[in-house]
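Subject: Structure handover

Hi,

Here is the structure I promised to pass on to you. Have a look at it first, and then read on for what turned up.

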Amino acid sequence: MVAKITTGKSIRGMLHYNEHKICAGEASLILSSGFAGDIDQLNFNQKLQRFQHLTELKPNVKTNAVHISLNLHSSEKLDNLKLQQIANSYMEKIGFGDQPFLVYRHDDAAHQHLHITTTNITASGERIDLHDIGKKLSEPARKEIEIDYGLVKAESKQSRQEAGIKPADLEKAQYGVVPTKSAISNVVTAVTRDYKFSSLAEYNAILKCFNVVAFRGAEHTAMFEKKGLMFSLLHKKGHQIGVPIKSSAFYSKPTLRNLEKKFEANLEKRKGFKDDLKKRIDQILEDRISISMAEFEAGAKKQGIEISYRENAAGLIFGITYVDHRNKVVFNGSDLGKAYSANAITGKFTAKAIGVKQEHKTELKTGKPTKQAKHRPGESLFAIPKIPKLVDLALMKTSAEGGIKIPKRRKKRKKKQIIINELSL
């Protein structure tokens, strides 16, 4: 099990996120602790007012919203009763057992996971310290629960799996903006929260694995200059589909300014996963002199790695990006080392896999077929060109460039000048 704690300043926003999932049929409320009345009878305002009653006791505390996600292994399929027990046990162990909290089961990913919404302001108006709560309380609690309930341990090899995020369902895009927004939100929220990326290009390399893309607009436009960012669904063929949505419209607020804060922090966080990724790439190549592009990509997929190539206008590969779904990190080939760069990897590809393909692309791009010598029927392709004989060369007329032959116009002018001189005499 993997536990993640996110703090914020808006209980309303966290509630909206989970309640919207219920409306979209992608989540259900399975537990309400510290709330009066039946769970099915609680409306949005009742849930919000319960939390606001506590936050108003300590108005000077701005960070008063706590959002927790408990993620199980994809092989585990537990019923609601077991999930309720796990959620209750976890909240007790991290010191939130007496706090009101709501537990939502989300069904928008390949693995079961819970989202818990609560506040760190107690009934006595005190603030529960959240500093380093992940390391001090959450990690020990998570490990104890794994043992108590026989769950797959987060550190085990079995827990290392391919990405558990479902690719965005493109069929929903044709029904309108709301389904499109929901599909994009599922992917963007999970990628932004779980993956480590250090640039917008790397962020997009991950998103494209799940049929989503982020774009800033053309340079020199108002959107680009103001650091605007929009998200769109991608068709399987790679082109955008549906209505693009502003980053500020999503609950997780994946704006460019917020993403840039993650870029620098992730540079340090992902370092520990570099050697493991290089080792797995080495296992694919296994000192092979050559390998086809298809074999390389298939081998990478088995290792939980997705390959993304960058090509120029002529179709030549000049860059390569590795998306590691096991460790949820992304690296450019040059960041891993010279042996993992685009030149080194494509250098191992067979001519059939890349050379012929690139030649064909270049020919299509220019639109001009390669010039070839004309061949006459019956003539051998290896015929030696006829060399003129020495006699023929001697009989050839000397060109004007040789300086021997006098131009006709000059000769006429000379004759005319002689006649004039004779008449004058």
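Let me start with the sheet, bearing in mind that this is a predicted model. Five strands make up an open sheet with antiparallel pairing, and their order is 1-3-5-4-2. The edges are taken by strand 1 (2-8) and strand 2 (27-33); each has a single partner strand, so one side of each is left without a neighbour in the sheet. On average, neighbouring strands of this sheet are turned by 20° against each other, direction ignored.

For the edge at strand 1, the partner is strand 3 (residues 65-71), and the two pair in the antiparallel sense over seven bridges. If you want a spot to centre your view on, try I5, which stands opposite I68 in strand 3.

A second antiparallel pair sits further along the chain: strand 9 (residues 305-311) and strand 10 (residues 317-324) are joined over seven bridges. There, I305 has D324 in strand 10 as its bridge partner. The hairpin of these two strands has five residues between them, and G315 in this hairpin takes a positive phi near 90°.

Next, a leucine to look at. L81 belongs to helix 3 (residues 80-93). Is L81 buried or exposed? Its relative accessibility is 53%, and because the cut-off for exposed is over 50%, L81 counts as exposed. From L81 to L31 the C-alpha to C-alpha distance is 9.5 Å, although the two are 50 residues apart in sequence.

You may also want to know about the cysteines before you set anything up. How many disulfides are there? The count is zero, going by sulfur atoms within 2.5 Å of each other. Two cysteines show opposite settings: C23 counts as exposed at 71% relative accessibility, whereas C209, at 16%, counts as buried.

Finally, some totals for the whole chain:

- The secondary structure comes to 15 helices and 11 strands.
- Of the 425 residues in the chain, 40% are buried.
- Among contacts with a separation of 6 or more, 64% are between residues 24 or more positions apart.
- The exposed area of the chain is about 25800 Å², and 53% of it is supplied by carbon and sulfur atoms.

Happy to talk any of this through whenever it suits you.

Best wishes

Conventions:
Residues numbered from 1 in each chain as written. Predicted model: local features only at pLDDT ≥ 70, side-chain atom pairs only at ≥ 80, totals over all residues. Heavy atoms only, no water. Pairing = 2+ DSSP bridges. Helix = DSSP H or I, 4+ residues; strand = E, 2+ residues; numbered from the N terminus. Axes fitted to C-alpha atoms, helices over the stretch in contact; angles between N-to-C directions. Buried < 20%, exposed > 50% of the residue type's maximum accessible area, 1.4 Å probe, protein only. Contact = heavy atoms within 4.5 Å. Areas by Shrake-Rupley, 256 points an atom, 1.4 Å probe, with all protein chains shown as cover.
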